[in-house]
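Here is a short tour for anyone meeting a protein model early in their studies. Please keep the sequence and the 3D view open as you read.

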2 protein chains.
Amino acid sequence: MSELSQSLSEKILQGDKRALARLLTRIENNDASAESILSELYANVGRAYRIGMTGPPGAGKSTLTNKLTRHLRLAGEKVAIIAVDPTSPFTGGALLGDRVRMSDVMLDEGVFIRSMATRGSLGGLAKKATEVADVLDAAGYTTIIFETVGVGQSELDVVHAADTTVVALVPESGDAIQAMKAGLMEIADVFVMNKADRQDADKAVQALSASLELRQHSAQSWLPRVVKTVATMGQGIAELLQAINAHRAFLETDARLTERRRERQQNFVQSVVEEKWRQAFWTAQRMEELRKRVIQHESPYKIAEALLQKHS
Amino acid sequence: MSELSQSLSEKILQGDKRALARLLTRIENNDASAESILSELYANVGRAYRIGMTGPPGAGKSTLTNKLTRHLRLAGEKVAIIAVDPTSPFTGGALLGDRVRMSDVMLDEGVFIRSMATRGSLGGLAKKATEVADVLDAAGYTTIIFETVGVGQSELDVVHAADTTVVALVPESGDAIQAMKAGLMEIADVFVMNKADRQDADKAVQALSASLELRQHSAQSWLPRVVKTVATMGQGIAELLQAINAHRAFLETDARLTERRRERQQNFVQSVVEEKWRQAFWTAQRMEELRKRVIQHESPYKIAEALLQKHS
């Protein structure tokens, strides 16, 4: 443990945003020094409530996150937003005429926004997102929102890092069906029907509610709530926060939240173990042997066995 | 190698569809006997051309796949479709009033359709999809199409299994922008602007083409083609097939296809190695130690090191 890293973790615990940003960059860059600092901070991890915001593209997730953050601020929360999106409006990424939507929450001292790129980090993203959230948790942010881009491989993984998962939909045709296809129905604790001022919004809400009630429920299980919002106008955001808090209260009964977090933490440690092993195993020598055997058109299973046998 | 498994692989090489279906089910169920049969078949793997069909929900991927299959059949190809979607129209999965779209290709002897569920198979899906494709390749199907649901974690992985990746879009607002966000732009070899009879289709194609031309290109790189289709009417499908064949011809120059497939195969063997290791490592005893240490709120990195130290 270096003096430098000690002081970095101390600074983070004292709320130093620049120290915070520096550690997050190290995490994103797979800097070896990040791990010991994360270990130092770990005693302070576990206080923040974690919300996942996901849904198909165009559902208004960024706007919902923005407005929800304002409400949380008014309730006295310190809010950190982890936008898993290379072109997040929060970072001002402008693409193909995508408007730079400047947000008042960016100017708020009690809000910390971090954008994480999805490209080129297949698989490792969920682990990094959890590490970033752990640091923000230790730094004293009381609510952490994961906002995903809505399409891509790591989306469901990232949502598994949340205590309450919000799935945003719009009334347009087939959105709910597509959500079911994508497995979003199973992960949602709260549904938002955003752009609820559009035609057919009530019909879409009814169809969604009907399909939710069809599923098996018991007194021990949570029936996902459906909230109508018009995020651009700020409508329905208080109700969304109420629904999130109701789910939180549900989880806090009978130690469900503790159990859920333990399971999550076990999965996280498993991913840490597997990444450490992977890094140690795939030496240049083994990669070369792999390459040669592939060129010889050997069966993948025989190659795998040969490589693992030399290991043990 | 049992007599039974020998005869199963022989039957598959002779084109027996029931034997084929049986092996695919074993693969999906993680049946231990599948691996030795896959090894036996491996000498016959590598002849089929593999096409990935992806894009956002509602872009008409199923219809495109269906029509493309008909054209490939007329060109004398034997076609296998791997629909990575729990509610694929090919399997007649009806959900929330989703119409069962019966397809004439289902009745064609030269077409084999297999649906793979995405739910509950986080991570392992890409590996299984490759194994299913390898079996179909060995069984004599000359073109294999991976069709993804368009939202979810394994989508990009599955597409990495393809020689040519087709990304389907519709002219609607923001679709291309969302595709860029989701990383679909980088993986596309051919773009389809489907439902091209809609208003603004030409504008959407122009915007897409313009953004493609902005990217850096050299004589050695492939400039993705953009094809307009109205899949429900069968319009533009011949042009889509031409674009796919042009990309194939490009890959077959200068051994690019061989090199791409070798890289793919290396990645696949790596995933086989890692899964074998994972299965061997996470014994009930290690899981119990993991659980206990998590309850004690130990740092994830210290737990990981402790578990790995006992291993080596």
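Let us begin where two helices from two chains meet. A:Leu290, A:Arg291, A:Val294 and A:Ile295 in H12(A) are in contact with B:Arg262, B:Gln265, B:Gln266 and B:Val269 in H11(B). Sorted by character, the residues of this contact are four nonpolar, two polar and two charged. Keep in mind that you are looking at a predicted model.

How do the two helices lie with respect to each other? Two packed helices are described by the angle between their axes and the distance between the axes. Here, helix H12 (residues 284-295) of chain A and helix H11 (residues 256-281) of chain B have axes that come within 10 Å and cross at roughly 120 degrees. Because of that angle, H12(A) counts as oblique to H11(B). The crossing of H12(A) past H11(B) is right-handed.

Now take a step back to chain A as a whole. Chain A has 312 residues, and 47% of them are buried. Its elements number 13 helices and seven strands. Of the contacts in chain A with a separation of 6 or more, 73% are between residues 24 or more positions apart.

Next comes the sheet of chain B. Seven strands make up an open sheet, and their order is E3-E2-E4-E1-E5-E6-E7, with parallel pairing. Strand E3 (111-116) and strand E7 (225-228) of chain B are at the edges with a single partner strand each, so one side of each has no neighbour in the sheet. From one strand to the next, the twist averages 20 degrees. As a general point, strands of a sheet pair through backbone hydrogen bonds, either parallel or antiparallel.

Strand E1 of chain B deserves a closer look. What are its partners? Five bridges connect E1(B) with strand E4 (residues 143-148) of chain B, and the two run parallel. Another four bridges connect strand E1 (residues 49-54) of chain B with strand E5 (residues 164-169) of chain B, again in parallel. B:Ile51 faces B:Ile145 in E4(B), and B:Ile51 also has B:Thr164 in E5(B) as a bridge partner. B:Met53, in turn, is bridged to B:Val166 in E5(B).

Is E1(B) enclosed or open? Six of the six residues of E1(B) are buried, so the rest of the structure largely encloses this strand. In a regular strand the side chains alternate between the two faces of the sheet. In E1(B), the two faces are both covered: one side holds B:Tyr49, B:Ile51 and B:Met53, the other holds B:Arg50, B:Gly52 and B:Thr54, and all are buried.

Finally, compare this with strand E1 (residues 49-54) of chain A. Six of the six residues of that strand are buried, so E1(A) is largely enclosed by the rest of the structure. A:Tyr49, A:Ile51 and A:Met53 point one way, A:Arg50, A:Gly52 and A:Thr54 point the other way, and all are buried. A:Met53 lies opposite A:Glu147 in E4(A), while A:Ile51 lies opposite A:Thr164 in E5(A).

The table gathers the parallel pairings of E1 in the two chains.

| Strand | Partner | Bridges |
|---|---|---|
| E1(A) | E4 of chain A (residues 143-148) | five bridges |
| E1(A) | E5 of chain A (residues 164-169) | four bridges |
| E1(B) | E4 of chain B (residues 143-148) | five bridges |
| E1(B) | E5 of chain B (residues 164-169) | four bridges |

Conventions
Residues numbered from 1 in each chain as written. Chains lettered and ligands numbered in written order. Predicted model: local features only at pLDDT ≥ 70, side-chain atom pairs only at ≥ 80, totals over all residues. Pairing = 2+ DSSP bridges. Axes fitted to C-alpha atoms, helices over the stretch in contact; angles between N-to-C directions. Parallel < 35°, antiparallel > 145°, perpendicular 65-115°, else oblique. Left-handed = near helix turned anticlockwise from the far one by under 90°. Contact = placed C-beta atoms within 7 Å. Nonpolar A, V, L, I, M, F, W, Y, C, P; charged D, E, K, R; others polar. Buried ≥ 20, exposed ≤ 12 C-beta atoms within 10 Å, placed from the backbone.
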